[in-house]
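This report describes a single protein chain. The sequence and structure come first, and the description follows.

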Amino acid sequence: MAWWNRKPEDERARWELDPLVGVGPLRFGMSPDQVQAALDGAIAYVSQGTEGRLVWQTFHDVEVTAIYGPGPRLAAVALDGRSGPLVRLRGVELIDRAPSEVRADLLELAGREGASVRVNRSGDPEAAAWGLSMGARPGWALSPEGYAERTDRMVTDALCAGPELAEDPYGTEPVRQWCKVREERGAHSGQWPVRAEGDRPRWGCTPLEGVGPLRFGMNPREVAAALGGEPPAERRGWFTWQGYGAEQWNLEQDRFDGAGVTAHYWHRDGFPTLAAVTVDGRTGPRVEFEGIPLIGRPVSEVDAAMHQYVEGSDTGLRVGCAGDLGPDGTNIFVRADRAGDAVISGARFCAEDWEDHG
C-alpha cells in the first residue's frame, strides 16, 4: 500500500473472518477471476507469478493481497492495517489497533474456545485453529495542515489463511514467495527490547559511499567479514525463471541481528553487491547526519528535525516509497521501526543510483 492512501474509518469495508473458510466476500479456493468478482471488479495493480503460475495479486482499491496456491486457487489473504478492511473475529477487532491490545483480546478468546495461540515470525499472535497470523506496521495520520505524517505508534494488520496453510502460514511456499523469505533462524520472542544508547557503537556515514565499516560495492562475504564474521539471521531474495523447469534464486538482502543492520544487494553485473544498508532503530549503531541523531528516537522527532534542516539549507526533502524522509542528494532515508506498540527511528543509507523501495 502507498503510505499516503490511509482511509478514514467510515470509508473502510467491514468484514468478518470465517476461520479456515474465508474472510469477507473472499472464500479460500476461489480462482483469480472469482476473487476479482468478489471484490466488485477491483483491479490488481501489482501481481507476481513463477513458473508461469500466478502467486499473488494486490488490490489497492480495497488494500488486500490475494495469495494463491496450485490451481491457482486462493490460499491466503493479507489485510493492510492502515487502509484495508476492518476485520473482526468473534467480536474481536483485528485491524488498525495497538498490537498489545489485539494480543490480549485474542488470548482471552483463545481461552474461551480452547484454541492454541503461538508467536509468529513477526512476534505477533498466530492461531492455526483460526488460520490467523497477526502483524503490525507504523501508523500514519493527517497533520493539522492536512498532509500525511508518521506517528509514533504501530497498528495491526493480518494474514488470513486457508486450511492448507493454517499450521504454518509464513512457512508455506505461496506466502514465502510473497514475502520473499528464504532463510530464517530462530523464533521471535514476542518482545522488542531497545538497546541502550551506551551499548551501541558509533558509526560514521558518508552519503552515497557507505556507513560504518560497510562500503557500497562489497559482496556478501565482504559484508559479513566487515561485521566481524556474523552470519545473517535471515536472507531474502527472489526467483527468476530460467526455462526448462529451472529457477535461480537471487539474494536481495541479509539481516544481521547482532550488528543491528540489514544489507541490501543489487545484481548489476550478475552477482550481488552491496547497494544499501538499513540501520535498525532498536538495536543498530548510533549514526548522525549533520548533527541530527538518526537512530533510536521517536520517528516524529527525527522527521521534524529533517524538515527543520531542509528549511535552513538549499536542499529539499525527498520522500521514499514507504514515506521515509531524507535530504535530496544524500540517498539517506529516516525509517520507522517497531518497538512493541511504539515506533522509533532507524535509517537507510543508499548508493547513488539505488531507489528506496520502502
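The text below goes from the whole chain to selected strands, sheets and loops.

**Overall dimensions and composition**

The model is a predicted one. The protein contains five helices and 28 strands. Its radius of gyration is 21 Å, close to the 21 Å that the globule rule gives for 358 residues, so the protein is as compact as a globular protein of that length. Along the principal axes, the C-alpha atoms fill a box of roughly 55 × 55 × 40 Å.

Of the 358 residues, 49% count as buried. Among contacts with a separation of 6 or more, 53% are between residues 24 or more positions apart. The exposed surface of the protein comes to about 16200 Å², and carbon and sulfur atoms supply 48% of that area. There are 38 positive and 55 negative side chains in the protein, and the centres of the two sets lie 4 Å apart.

**Strand β21 and its hairpin**

Strand β21 covers residues 261-266, and six of its six residues are buried, so the strand is largely enclosed by the rest of the structure. Val261, Ala263 and Tyr265 point one way from β21, while Thr262, His264 and Trp266 point the other way. Both of these sets are buried.

The partner strand β22 spans residues 273-279 and is joined to β21 by six bridges, with the two strands running antiparallel. One of the pairs places valine 261 against valine 279 in β22, as bridge partners. The hairpin of β21 and β22 has six residues between the strands, and within this hairpin glycine 270 takes a positive phi near 90°.

**Two three-stranded sheets**

One open sheet has three strands in the order β15-β23-β24, with mixed pairing. β15 (202-203) and β24 stand at its edges with a single partner strand each, so one side of each is left without a neighbour in the sheet. Between β23 and β24 the pairing is antiparallel and runs over two bridges. Phenylalanine 289 stands opposite isoleucine 292 of β24.

A further open sheet of three strands has the order β16-β17-β18, and here the pairing is antiparallel. Its edge strands are β16 (205-206) and β18 (214-215), each of which pairs on one side only. β16 pairs with β17 (residues 210-211) in the antiparallel sense, over two bridges. The bridge partner of cysteine 205 in β17 is valine 211.

The table lists pairs of residues that face each other across strands.

| Residue | Opposite residue | Strand of the opposite residue |
|---|---|---|
| Valine 261 | Valine 279 | β22 |
| Phenylalanine 289 | Isoleucine 292 | β24 |
| Cysteine 205 | Valine 211 | β17 |

**Backbone geometry in the loops**

Which residues are joined by a cis peptide bond? The bond links glycine 71 and proline 72, with omega at about -5°. Proline 72 is placed in the loop between β6 (64-69) and β7 (73-79).

Arginine 90 is not a glycine, yet has a positive phi of about 50°. The residue belongs to the loop between β8 (86-89) and β9 (92-93). The relative accessibility of arginine 90 is 44%, so the residue counts as partly exposed.

Glutamate 290 is another non-glycine residue with a positive phi, again of about 50°. The loop that holds glutamate 290 lies between β23 (286-289) and β24 (292-293). Is glutamate 290 buried or exposed? Its relative accessible area is 58%, and exposed means over 50%, so glutamate 290 is exposed.

**Leucine 17 and its surroundings**

Leucine 17 is part of strand β1, which covers residues 14-18. The relative accessible area of leucine 17 is 5%; buried means under 20%, so leucine 17 is buried.

What does leucine 17 touch, leaving aside residues up to four places away in sequence? The contacts are with Gly22, Val23, Val87, Arg88, Leu89, Leu94, Trp130, Leu132 and Cys160. Leucine 17 and arginine 90 are 73 residues apart in sequence, and their C-alpha atoms are 8.2 Å apart in space. Leucine 17 is thus a buried residue, whereas arginine 90 is partly exposed.

Note on methods. Residues are numbered from 1 along each chain as its sequence is written. This is a predicted model: local features need pLDDT of at least 70, side-chain atom pairs count only at pLDDT 80 or more; totals for chains, interfaces and linings use all residues. Side-chain values use heavy atoms; hydrogens and water are left out. Helices (H or I, at least four residues) and strands (E, at least two) are DSSP runs, numbered from the N terminus. The radius of gyration is taken over C-alpha atoms; the globule rule is 2.2 Å times the number of residues to the power 0.38. Buried means under 20% relative accessible area, exposed over 50%, partly exposed in between (1.4 Å probe, protein chains only). Contact means heavy atoms within 4.5 Å. Accessible areas come from the Shrake-Rupley method with a 1.4 Å probe; for residues, only the protein chains shown count as cover. Lys and Arg count as positive and Asp and Glu as negative; His and the chain ends are not counted. The place of a charge is taken as NZ of Lys, CZ of Arg, CG of Asp or CD of Glu. Two strands pair if DSSP finds at least two bridges between them.
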